[in-house]
Amino acid sequence: MSPIFAPRRASALAAPALLLLITLAAMLLGATQATPGYTIRAGDAGDRRYLVRFFEVEENTDGTYRWSQPLFGVYLYGFDGRPAIVTLRMASSRPTGVAAPILSVASVGHDLGQITVGSGFRRYHILSPTSAVGETALSFRTDAYVPAGDPRDLGVALTNAAAAPLAGRPLLPPPVRSLFLLSLPLIVWLLLLRLHSRPALAFGAGLTMALVMGWATARPTDSGFLLPTLGWPWWPTLPLAALIFSSQIGVGLRWAWGWAIARPVVGWAGLALALASLFAIRAGLPASLGLTGLLVGAWAALTLESPLPSPPAPLPLRQERGEDASAPIVPWWPIMVILGMALFLRLYNLGGQPAGLWRDESRHGLQALMIWNDPTYRPVYVAAGADLPALLFYLMAPVVGLLGPQVWSDRLVSAVVGGLTPLALFWAASPLIGRRPALIAAALLAWASWGLSMSRWAFPATLDHLLTLTAVGLAWRGLQMADGRWQIGRLPSAICHLQLGLAGLLAGLATYAYHTGRVSPIALALVVLVRLRLSPSAWRRALPGLVIAATVGLLTMAPLLSYIAQNYGNYNRRVSQVSVLSSNYLDTHTPLGLLLDNGTRYLLMWHVQGEPNGRHHMPDAPMLDPATGLLLLLGLALALRAPRSPGRMAILAIPAVYLVPAIFSSDAPHAMRALGMLAPACMLAALAVESLLLRPGGRARQIIAVGLLVFSLGFNTWLYFGVMRVEPRVYGEFDLLETALGRAAQAPALSADPEIHALRVYMPDRLRGTDTVRFLAYGVATYGYTGDPLPADGSALLLLPADASPAAQATALAALGPGAAALDHVPYKPGTRDPIIIAFGRGEAAARLATELWP
């Protein structure tokens with residue numbers, strides 16, 4: 001080494017060395033105060049941090065306790081690989097003659113044996129290993145016990161829990177934990193330096209983190225919960241390596257980029273590799289290999305982009321072309337075609353797919369009928385039964401009130417709302433990315449299987465997105481006054497103020513739709529921030545319009561805000577129930593672990609594994625088709641490469657807001673809670689089509705663009721109308737039995753045939769009161785069957801579930817009396833010859849009705 005450079009090298013190493021020494025000193029000092037372990041009593045504040053899958057607190061003469069579920073866990077924080085002594089005070093409280101429960105105990109993959117829990121409260125001591133990385137749950141499993149008059153599946157009752165280390169206080173945490181804590185101040189310091197922060201500021205932030213690491217060492221239980229050792233060894237190895245060698249990595253990437261740009265075939269090969277990787281993932285290729293091919297291929301495909309002109313100032317509305325003023329003007333008829341296609345795909349066979357109503361759909365229909373028929377019933381938020389704001393029910397009320405309670409009428413409003421959403425997307429995206437890419441985005445949304453699944457059932461999931469997208473389009477146009485070009489006369493400014501006022505109205509209405517609508521005003525505010533940035537003059541010019549928008553929005557939300565002030569517990573109950581922080585997982589329970597796990601699931605849902613619930617989408621299938629999934633990744637890269645473009649920043653801001661209700665809720669990935677990210681994803685995919693395939697020109701690129709769009713249309717319609725229609729994991733999530741019974745119960749009242757009109761339809765009495773039967777037979781007399789003989793006068797139709805035993809079938813025939821017979825015409829599960837119900841009839845009218853219902 002040259003002596004000239006030796007002082008510089010020593011100076012460069014001094015700061016990180018000093019930071020590491022300070023961190024180590026803080027950790028040594030903290031270790032002198034460390035007391036791993038905890039002691040809690042059931043009902044203490046924060047006891048749910050340690051106790052998982054326990055019921056609410058109860059109390060007796062002995063004090064407070066919690067009943068566990070048959071499978072439950074006790075989390076051990078701060079031990080980091082050291083064995084722990086766990087003490088639990090438990091009782092079984094079984095009645096005489098019921099065997100005492102035997103708990104099977106396991107931890108860190110090790111079977112720790114069994115414990116027989118007696119009837120009285122006793123202390124049980126368990127020596128448990130713990131994991132050096134991640135989280136450790138001491139898990140217990142026993143047979144369920146259901147006491148008389150209590151529907152819960154119970155395990156054991158617990159009053160106290162304690163955990164303590166086997167050995168004394170160590171000099172430092174275990175090696176893995178110590179390295180994990182030592183690395184964090186260094187990562188913060190390096191990150192700020194790479195972001196061009198002042199060296200003093202970067203070192204100060206690192207020093208602050210060093211003190212936090214001292215606290216983490218002094219409070220191992222609390223820090224183990226708030227800052228667990230996750231991701232080892234990739235974290236901190238990968239971020240440290242990336243930050244240390246960022247300059248060399250940058251040089252290598254620039255060289256590779258220049259090499260690839262000089263060879264157009266590399267871009268096409270990358271596009272093919274990425275698309276093939278997505279197909280391979282669906283075919284079973286391990287996700288790690290498939291995602292590697294996808295990322296490498298997408299990086300190479302980005303070399304196909306043509307240079308983008310510098311974003312001009314926003315254009316007047318009549319010339320609006322988004323970022324590129326040279327882009328061709330798109331006529332209005334294509335969006336009308338897309339709108340027609342979107343409505344057709346959502347209205348086609350609406351009463352037959354999904355094949356039955358879901359319980360919640362029926363409850364929503366009943367709410368609409370109550371609003372229609374009872375002038376005194378005007379809810380703002382329906383806590384009992386629906387747990388939703390009431391806007392959807394008001395929209396449904398005239399539809400089901402005038403058209404009657406049918407499967408298709410129950411779903412009609414949601415289907416139309418979903419069909420209009422591509423139009424709202426086009427309206428919002430046109431000033432952000434241009435009319436042609438906005439048209440492509442609307443088309444992708446029109447036929448997306450995710451959007452179809454969310455639109456074709458009676459649920460408000462799509463409603464707040466229709467309102468929010470329309471509000472975004474209005475706000476973006478209304479803020480043109482901030483450019484200083486609309487101050488010539490009063491009328492243009494008045495139009496801008498009107499647009500902003502309407503945007504505030506729609507954002508306020510969105511809070512009355514689904515739970516995710518709560519973030520609609522936040523999304524709109526963030527779009528305004530992106531549009532105006534930090535320009536004082538722009539904010540000054542826009543202030544009157546923003547005041548109008550805020551005032552209108554608050555007035556719109558006033559009834560809901562009043563309800564929240566008086567009934568906050570009811571309003572927030574469902575959100576609290578599904579909060580990820582209230583989850584009962586036995587593999588992760590810390591806030592950081594839960595959020596990282598959810599974040600990973602939402603990252604993978606686009607290309608690897610999506611929603612598992614068949615009501616929401618094809619179970620476990622990626623949420624996007626391979627073509628749209630690839631285009632989304634390319635569009636995301638393009639948007640991130642142009643951070644100075646307000647339109648692209650807005651596209652990134654909207655899904656960031658809608659990710660919040662998704663990532664903070666359980667059951668990830670959840671298609672309904674993440675639906676707000678679908679429209680921006682379509683915008684990003686359309687941006688990739690425009691930038692990589694259409695703007696550069698050339699017949700070959702245009703053919704590929706059209707081919708990708710046609711493939712996307714075909715794949716999504718095949719998936720939804722072909723595969724999902726006959727998939728048991730999809731139709732099995734809906735109430736096919738109750739829907740068939742409800743349709744049969746209402747059929748005589750709707751028939752013009754006097755003999756059928758006089759027919760009585762009987763069904764098992766326990767099913768007569770289900771929500772779906774109550775909705776479909778609303779206002780119609782229903783008749784229950786309990787196994788006793790039925791009235792012998794007139795025609796009758798008796799329906800039983802398909803799994804009724806031969807004895808039950810024989811009893812049904814006998815109950816109908818002479819002339820009764822089993823009927824051949826019954827409903828079947830989609831794509832099968834498996835009956836949903838068994839029908840028995842007496843008289844010709846019963847046979848005719850069965851033939852009409854199920855030809």
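Let's start at helix α29, residues 771–776, where D771 sits. This is a predicted model, so keep that in mind throughout. Is D771 buried or exposed? It is buried, with a relative accessible area of 16%. The cut-off for buried is under 20%, so at 16% D771 counts as buried. Now look at its side chain. Which residue does the D771 side chain contact? It makes a polar contact with the side chain of R774, at 3.0 Å.

Next, the strands. Go to β9, residues 157–165. How much of β9 is covered? Mostly covered: seven of its nine residues are buried. Now its partners. Take β4, residues 84–91. β4 and β9 pair antiparallel, over eight bridges. To find that pairing on screen, go to V86, which stands opposite A163 in β9.

Then β1, residues 38–41. Again the pairing with β9 is antiparallel, here over four bridges. Pick out I40; its bridge partner in β9 is A161.

And β3, residues 63–76. How many bridges join β3 to β9? Two, and the strands run antiparallel. Here the residue to click on is W67, which stands opposite A157 in β9.

So, to recap the β9 pairings: eight bridges with β4, four with β1, two with β3. The β9 residues to mark are A163 for V86, A161 for I40 and A157 for W67.

On to the surface. Which residues form the nonpolar patch? I244, F245, I249, L253 and W299. Together they have about 450 Å² of accessible area. Let me pick out W299. It is placed in helix α8, residues 287–301. W299 is partly exposed, with a relative accessible area of 31%. Why can W299 belong to the patch? Patch residues need over 30% relative accessible area, and W299 has 31%, so W299 passes that cut-off.

Last topic, the cysteines. How many disulfides does the structure hold? Zero. Two cysteines to look at are C496 and C682. C496 is buried, with a relative accessible area of 1%. C682 is buried too, and its relative accessible area is also 1%.

To close, three places to revisit on screen. In α29, look at D771 and its 3.0 Å contact with R774. In β9, follow the strand with seven of nine residues buried. On the surface, find the nonpolar patch that includes W299.

Technical notes:
Residues are numbered from 1 along each chain as its sequence is written. This is a predicted model: local features need pLDDT of at least 70, side-chain atom pairs count only at pLDDT 80 or more; totals for chains, interfaces and linings use all residues. Side-chain values use heavy atoms; hydrogens and water are left out. Patches are made of residues with over 30% relative accessible area and no salt bridge: like charges are joined within 9 Å, nonpolar side chains (Val, Leu, Ile, Met, Phe, Trp, Tyr) within 5 Å. Accessible areas come from the Shrake-Rupley method with a 1.4 Å probe; for residues, only the protein chains shown count as cover. A salt bridge is a side-chain nitrogen of Lys or Arg within 4 Å of a carboxyl oxygen of Asp or Glu. Buried means under 20% relative accessible area, exposed over 50%, partly exposed in between (1.4 Å probe, protein chains only). A disulfide is a pair of cysteine sulfur atoms within 2.5 Å. Two strands pair if DSSP finds at least two bridges between them. A polar contact is a pair of N or O atoms within 3.5 Å; within protein, one must be able to donate a hydrogen and the other to accept it, and residues adjacent in sequence count only if both atoms are side-chain atoms.
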